[in-house]
Amino acid sequence: MTTRGVLYVHSAPRALCPHVEWAIAGVLGTRVSLDWIRQPAAPGTWRSEFSWQGQAGTASKMASALRGWHLLRFEVTAEPCPTAEGERYSCTPDLGIYHAVTGIHGDILIPEDRLRAALHRSRLGETDLEAEIGKLLGKPWDDELEPFRYAGEGAPVRWLHQVV
(Lines give C-alpha, C1' and ligand atoms only; values in the text may rest on other atoms or scores of the structure.)
Protein backbone atom coordinates (compact mmCIF):
# COMPACT_ATOMS: atom_id res chain seq x y z
CA MET A 1 0.00 0.00 0.00
CA THR A 2 1.19 3.47 -0.77
CA THR A 3 0.60 6.67 1.10
CA ARG A 4 1.58 10.23 0.50
CA GLY A 5 2.83 13.04 2.63
CA VAL A 6 4.86 16.20 2.85
CA LEU A 7 8.36 16.95 4.06
CA TYR A 8 8.70 20.47 5.44
CA VAL A 9 12.30 21.55 5.94
CA HIS A 10 11.75 24.65 8.05
CA SER A 11 15.39 25.68 8.34
CA ALA A 12 18.70 24.27 7.19
CA PRO A 13 22.11 25.88 6.76
CA ARG A 14 22.98 26.17 3.06
CA ALA A 15 25.78 23.58 3.35
CA LEU A 16 23.27 21.02 4.66
CA CYS A 17 20.74 21.42 1.81
CA PRO A 18 22.36 18.92 -0.61
CA HIS A 19 22.71 16.40 2.23
CA VAL A 20 18.98 16.68 2.94
CA GLU A 21 18.26 15.97 -0.74
CA TRP A 22 20.63 12.95 -0.75
CA ALA A 23 19.07 11.55 2.42
CA ILE A 24 15.53 11.84 1.02
CA ALA A 25 16.66 10.38 -2.31
CA GLY A 26 18.10 7.42 -0.42
CA VAL A 27 14.77 6.81 1.29
CA LEU A 28 12.68 7.19 -1.87
CA GLY A 29 15.11 5.44 -4.20
CA THR A 30 15.00 8.24 -6.75
CA ARG A 31 16.79 11.53 -7.39
CA VAL A 32 15.38 14.43 -5.37
CA SER A 33 15.87 18.13 -6.08
CA LEU A 34 14.21 20.50 -3.65
CA ASP A 35 13.35 24.14 -4.36
CA TRP A 36 15.13 26.07 -1.60
CA ILE A 37 14.18 29.59 -0.51
CA ARG A 38 15.55 31.78 2.25
CA GLN A 39 14.08 31.34 5.73
CA PRO A 40 13.53 34.85 7.15
CA ALA A 41 12.82 33.47 10.64
CA ALA A 42 16.47 32.36 10.88
CA PRO A 43 18.73 34.44 8.62
CA GLY A 44 21.34 32.35 6.87
CA THR A 45 19.10 29.29 6.65
CA TRP A 46 16.93 27.87 3.88
CA ARG A 47 13.53 26.20 3.73
CA SER A 48 11.76 23.84 1.35
CA GLU A 49 8.63 21.72 1.01
CA PHE A 50 8.40 18.42 -0.81
CA SER A 51 5.34 16.28 -1.50
CA TRP A 52 6.14 12.59 -1.67
CA GLN A 53 4.45 9.26 -2.31
CA GLY A 54 5.73 5.93 -1.02
CA GLN A 55 5.09 2.84 1.03
CA ALA A 56 3.59 3.08 4.51
CA GLY A 57 6.51 3.75 6.84
CA THR A 58 8.25 6.17 4.46
CA ALA A 59 7.70 9.12 6.81
CA SER A 60 9.46 7.21 9.58
CA LYS A 61 12.41 6.46 7.30
CA MET A 62 12.66 10.11 6.26
CA ALA A 63 12.58 11.32 9.86
CA SER A 64 15.27 8.77 10.79
CA ALA A 65 17.44 9.83 7.86
CA LEU A 66 17.26 13.51 8.90
CA ARG A 67 17.17 13.41 12.69
CA GLY A 68 20.90 13.38 13.36
CA TRP A 69 21.66 16.82 11.93
CA HIS A 70 21.71 19.28 14.78
CA LEU A 71 20.98 22.48 12.84
CA LEU A 72 17.97 21.12 10.96
CA ARG A 73 14.31 21.89 11.72
CA PHE A 74 11.80 19.75 9.88
CA GLU A 75 8.43 18.03 9.88
CA VAL A 76 7.32 14.97 7.94
CA THR A 77 3.68 13.98 7.57
CA ALA A 78 2.06 10.89 6.10
CA GLU A 79 -1.62 10.43 5.36
CA PRO A 80 -3.46 7.38 6.66
CA CYS A 81 -3.88 4.51 4.21
CA PRO A 82 -5.77 1.20 4.40
CA THR A 83 -2.83 -0.52 6.14
CA ALA A 84 -1.50 2.26 8.39
CA GLU A 85 -2.51 5.27 10.45
CA GLY A 86 -1.20 8.68 9.51
CA GLU A 87 1.97 10.02 11.08
CA ARG A 88 3.60 13.28 11.98
CA TYR A 89 7.25 13.78 12.90
CA SER A 90 8.61 17.11 14.11
CA CYS A 91 12.23 17.82 14.89
CA THR A 92 14.09 20.81 16.31
CA PRO A 93 17.71 21.18 17.42
CA ASP A 94 16.69 21.86 21.04
CA LEU A 95 13.85 19.36 21.48
CA GLY A 96 14.87 16.49 19.23
CA ILE A 97 12.22 14.42 17.51
CA TYR A 98 8.50 14.13 18.23
CA HIS A 99 6.25 11.45 16.74
CA ALA A 100 2.47 11.30 16.68
CA VAL A 101 -0.04 8.97 15.11
CA THR A 102 -2.72 10.90 13.25
CA GLY A 103 -6.24 10.00 12.28
CA ILE A 104 -8.05 10.50 9.02
CA HIS A 105 -8.79 14.17 9.83
CA GLY A 106 -5.25 14.96 11.02
CA ASP A 107 -6.05 14.74 14.72
CA ILE A 108 -3.32 13.40 16.98
CA LEU A 109 -4.27 10.02 18.44
CA ILE A 110 -2.79 9.41 21.88
CA PRO A 111 -2.72 5.81 23.13
CA GLU A 112 -4.55 5.32 26.41
CA ASP A 113 -1.46 3.95 28.19
CA ARG A 114 0.37 7.23 27.53
CA LEU A 115 -2.60 9.18 28.90
CA ARG A 116 -2.76 6.94 31.97
CA ALA A 117 0.99 7.40 32.55
CA ALA A 118 0.61 11.20 32.31
CA LEU A 119 -2.27 11.11 34.78
CA HIS A 120 -0.27 8.89 37.15
CA ARG A 121 2.78 11.21 37.06
CA SER A 122 0.48 14.15 37.70
CA ARG A 123 -1.15 12.47 40.70
CA LEU A 124 2.30 11.74 42.17
CA GLY A 125 3.16 15.43 41.81
CA GLU A 126 5.96 14.72 39.33
CA THR A 127 4.45 16.90 36.64
CA ASP A 128 1.58 19.21 35.81
CA LEU A 129 -1.16 17.37 33.88
CA GLU A 130 -1.70 20.23 31.43
CA ALA A 131 2.01 20.38 30.59
CA GLU A 132 2.17 16.61 30.24
CA ILE A 133 -0.78 16.54 27.84
CA GLY A 134 0.84 19.41 25.95
CA LYS A 135 3.93 17.23 25.42
CA LEU A 136 1.78 14.33 24.24
CA LEU A 137 0.20 16.67 21.69
CA GLY A 138 3.58 18.07 20.57
CA LYS A 139 2.97 21.58 21.92
CA PRO A 140 6.64 22.35 22.67
CA TRP A 141 7.54 21.42 19.08
CA ASP A 142 4.64 23.43 17.67
CA ASP A 143 5.64 26.46 19.76
CA GLU A 144 9.24 26.30 18.51
CA LEU A 145 8.36 25.61 14.86
CA GLU A 146 5.49 28.07 14.45
CA PRO A 147 7.66 31.07 13.43
CA PHE A 148 9.32 28.86 10.80
CA ARG A 149 6.07 27.56 9.30
CA TYR A 150 5.10 30.82 7.65
CA ALA A 151 5.93 31.09 3.97
CA GLY A 152 9.27 32.76 3.41
CA GLU A 153 10.38 35.19 0.75
CA GLY A 154 9.09 34.10 -2.62
CA ALA A 155 7.37 30.98 -1.32
CA PRO A 156 4.24 30.05 -3.19
CA VAL A 157 1.21 30.59 -1.02
CA ARG A 158 -2.15 28.99 -1.83
CA TRP A 159 -5.12 30.82 -0.38
CA LEU A 160 -8.20 28.69 0.14
CA HIS A 161 -11.54 30.41 0.29
CA GLN A 162 -14.83 28.98 1.44
CA VAL A 163 -17.57 29.37 -1.10
CA VAL A 164 -20.86 30.43 0.42
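## A walk from helix 4 into the sheet

Start by selecting Glu132 and Lys135: their side chains meet in a salt bridge, 4.0 Å from N to O. A salt bridge here is a side-chain nitrogen of Lys or Arg within 4 Å of a carboxyl oxygen of Asp or Glu. Both residues lie in helix 4 (residues 129–136), three residues apart, which is about one turn of the helix. Helices (H or I, at least four residues) and strands (E, at least two) are DSSP runs, numbered from the N terminus. Color this pair by accessibility: Glu132 is buried at 9% relative accessible area, whereas Lys135 is partly exposed at 45%. Buried means under 20% relative accessible area, exposed over 50%, and partly exposed in between (1.4 Å probe, protein chains only).

Before moving on, keep in mind that this is a predicted model: local features need pLDDT of at least 70, side-chain atom pairs count only at pLDDT 80 or more, and totals for chains, interfaces and linings use all residues. Residues are numbered from 1 along each chain as its sequence is written, and side-chain values use heavy atoms, with hydrogens and water left out.

**Next stop: the sheet**

Switch to cartoon and find the seven strands, which form an open sheet in the order 2-3-1-4-5-6-7 with antiparallel pairing. Two strands pair if DSSP finds at least two bridges between them. Look at the edges, where strand 2 (37–38) and strand 7 (108–109) each have a single partner strand, so one side of each is left without a neighbour in the sheet.

Now select helix 2, which packs on the sheet and touches strand 1, strand 3, strand 4, strand 5 and strand 6 (96–102). Contact means heavy atoms within 4.5 Å. The direction of helix 2 makes about 165° with that of strand 4. These angles run from 0 to 180 degrees between N-to-C directions, with axes as lines fitted to C-alpha atoms, for helices over the stretch in contact. Then pick helix 5 (residues 139–149): this helix lies across strand 1, strand 3, strand 4, strand 5 and strand 6, running at about 80° to strand 5.

**Zoom in on strand 4**

Five of the six residues of strand 4 are buried, so this strand is largely enclosed by the rest of the structure. Strand 4 pairs with strand 1 in the antiparallel sense over six bridges, and five bridges join strand 4 to strand 5, also antiparallel.

Select Glu75 and look to either side. Tyr8 stands opposite Glu75, and in strand 5 the bridge partner of Glu75 is Ser90.

Which residue forms a salt bridge with Glu75? Show the side chain of Arg88: the closest N and O atoms of the pair are 3.6 Å apart. Glu75 lies in strand 4 and Arg88 in strand 5, so the pair ties together parts that are 13 residues apart in sequence. Are these two buried or exposed? Glu75 counts as buried at 7% relative accessibility, and Arg88 counts as buried at 13%. Add Asp142, Glu146 and Arg149 to your selection, and you have a network of salt bridges together with Glu75 and Arg88.

**A longer-range pair**

Select Arg4 and Glu79 for another salt bridge, with the closest N and O atoms 3.1 Å apart. This one links distant parts of the chain: Arg4 is in strand 1 and Glu79 is in the loop between strand 4 and strand 5, 75 residues apart. Arg4 is partly exposed at 49%, and Glu79 is partly exposed at 38%. The full salt-bridge count comes to eleven.

**Into the core**

Now hunt for Leu7 and Val20, the residues with the most contacts inside the largest nonpolar core, which has 25 residues. Such a core is a set of buried Ala, Val, Leu, Ile, Met, Phe, Trp, Tyr and Cys residues joined through side-chain atoms within 4.5 Å. Helix 1 gives the largest share of this core, five residues. Center on Val20 and, leaving aside its neighbours within four places in sequence, you will find Val9, Leu34, Trp36, Leu66, Trp69 and Leu72 in contact.

**Last stop: the cysteines**

How many disulfides are there? The count is zero, a disulfide being a pair of cysteine sulfur atoms within 2.5 Å. Select Cys17, whose sulfur is 16 Å from the closest cysteine sulfur, in Cys91, too far for a bond. Cys17 is buried at 1%, and Cys91 is buried at 4%. To place Cys91 in the sheet, look across from Phe74: its bridge partner in strand 5 is Cys91.
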